[in-house]
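Hi,

Here is the structure I promised to pass on. Have a look at it first, and then read my notes below.

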Amino acid sequence: MTTHTGPVGRLMKFTARPGRGADLAGLLLRVADALDGFPGCLLYAIGRDERSPDVVHVTELWRTAADADAALASSAEATGSPAPSEVLALVAGPPERTDLAVLGGLLPGTGTGTGTETGPRTEG
């Protein structure tokens, strides 16, 4: 098995306890703020599902898997993030996680694409 050495992505789906979606999103936004400038973090975006307000998505993009793992291993005190127990208190169950080996595209924070872009860049 080959180990991917390029950028990696993580897609997380959290389901908050009923009526706590806004609280969970707020906490995860604090995590995003704490990761601003963290080595290797290219993107850490928080979004709420418009049809299910208690569902919160996190989209992560990291320069390498090692960078992502280092952030996950960092203590809340070191990053200024909320403690994991604060997040767990708001969720109805474990998050769904999808790990991605990024193959190409326009990568934020790099100044360039990877050479495998398939369409025009759009601003949104």
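Let me start with one residue: R10 is buried, with a relative accessible area of just 7%. Keep in mind as you read that this is a predicted model.

What does R10 pair with? It forms a salt bridge with D69, and the closest N and O atoms are 2.8 Å apart. R10 sits in strand 1 (residues 8-15) and D69 in helix 2 (residues 65-73), so this pair ties together parts that are 59 residues apart in sequence. D69, for its part, counts as partly exposed, at 40% relative accessibility.

There are six salt bridges in the structure. Here are two others you can look up:

- E96 and K13 meet through their side chains, at 4.0 Å from N to O. E96 belongs to strand 4 (residues 96-101) and K13 to strand 1, so to speak two distant parts of the chain, 83 residues apart. K13 is partly exposed, with a relative accessible area of 28%.
- D23 and R20 also meet in a salt bridge, this one at 2.6 Å from N to O. Both count as partly exposed, D23 at 37% relative accessibility and R20 at 34%.

R10 and D69 come back here too: salt bridges with shared partners join R10, D69, R97 and D99 into one network.

**The overall layout**

Zooming out, the protein chain has four helices and four strands. Following the sequence from start to end, you get the pattern β-α-β-β-α-α-α-β. The chain has 124 residues, and 32% of them count as buried. If you take the contacts with a separation of 6 or more, 67% of them are between residues 24 or more positions apart.

**The sheet**

In what order do the four strands sit in the sheet? The order is 2-3-1-4, in an open sheet with antiparallel pairing. Strand 2 and strand 4 are the edge strands, each of them pairing on one side only. From one strand to the next, the twist averages 10 degrees.

Two of the pairings are worth a look on screen:

- Strand 2 (residues 41-48) and strand 3 (residues 55-62) are antiparallel and share seven bridges. They make a hairpin, with six residues between the two strands. As one example of who faces whom, L43 is opposite L61 in strand 3.
- Strand 1 and strand 4 are antiparallel as well, over six bridges. Here the salt-bridge pair from above turns up again: E96 in strand 4 is the bridge partner of K13.

**Helices on the sheet**

Which strands does helix 1 lie across? Helix 1 (residues 21-35) lies across strand 1, strand 2 and strand 3, and runs at about 170 degrees to strand 2. Helix 2, the one that holds D69, packs on the sheet too, touching strand 1, strand 3 and strand 4. The direction of helix 2 makes about 35 degrees with that of strand 1.

**The largest pocket**

The largest pocket holds about 610 Å³ of space. It is lined by 24 residues, and the closest to its centre are V31, Y44, A71, L72 and P84. Which elements each supply at least two residues of that lining? They are strand 1, helix 1, strand 3, helix 2, helix 3 and helix 4.

**One last residue**

Take a look at S81 as well, in the loop between helix 3 (76-79) and helix 4 (84-88). Is S81 buried or exposed? S81 is buried, because its relative accessible area is 16% and the cut-off for buried is under 20%. Leaving aside residues up to four places away in sequence, S81 touches V31, A34 and A76. V31 is also one of the residues closest to the centre of the largest pocket.

If you want a route through the model, go from R10 to D69, on to K13 and E96, and then along the strands in the order 2-3-1-4. After that, turn to the lining of the largest pocket, with V31 among the residues closest to its centre, and finish at S81, which touches V31.

Best wishes

Key:
Residues are numbered from 1 along each chain as its sequence is written. This is a predicted model: local features need pLDDT of at least 70, side-chain atom pairs count only at pLDDT 80 or more; totals for chains, interfaces and linings use all residues. Side-chain values use heavy atoms; hydrogens and water are left out. Buried means under 20% relative accessible area, exposed over 50%, partly exposed in between (1.4 Å probe, protein chains only). Contact means heavy atoms within 4.5 Å. Two strands pair if DSSP finds at least two bridges between them. Axes are lines fitted to C-alpha atoms, for helices over the stretch in contact, and angles run from 0 to 180 degrees between N-to-C directions. On a 1 Å grid over the protein atoms alone, a cavity is a set of points where a 1.4 Å probe fits but cannot get out, and a pocket is an open set with protein on both sides within 12 Å along at least five of seven lines; lining residues have an atom within 4 Å of a point. Grid points are joined across faces, edges and corners, and a volume is the space filled by probe spheres set on the points.
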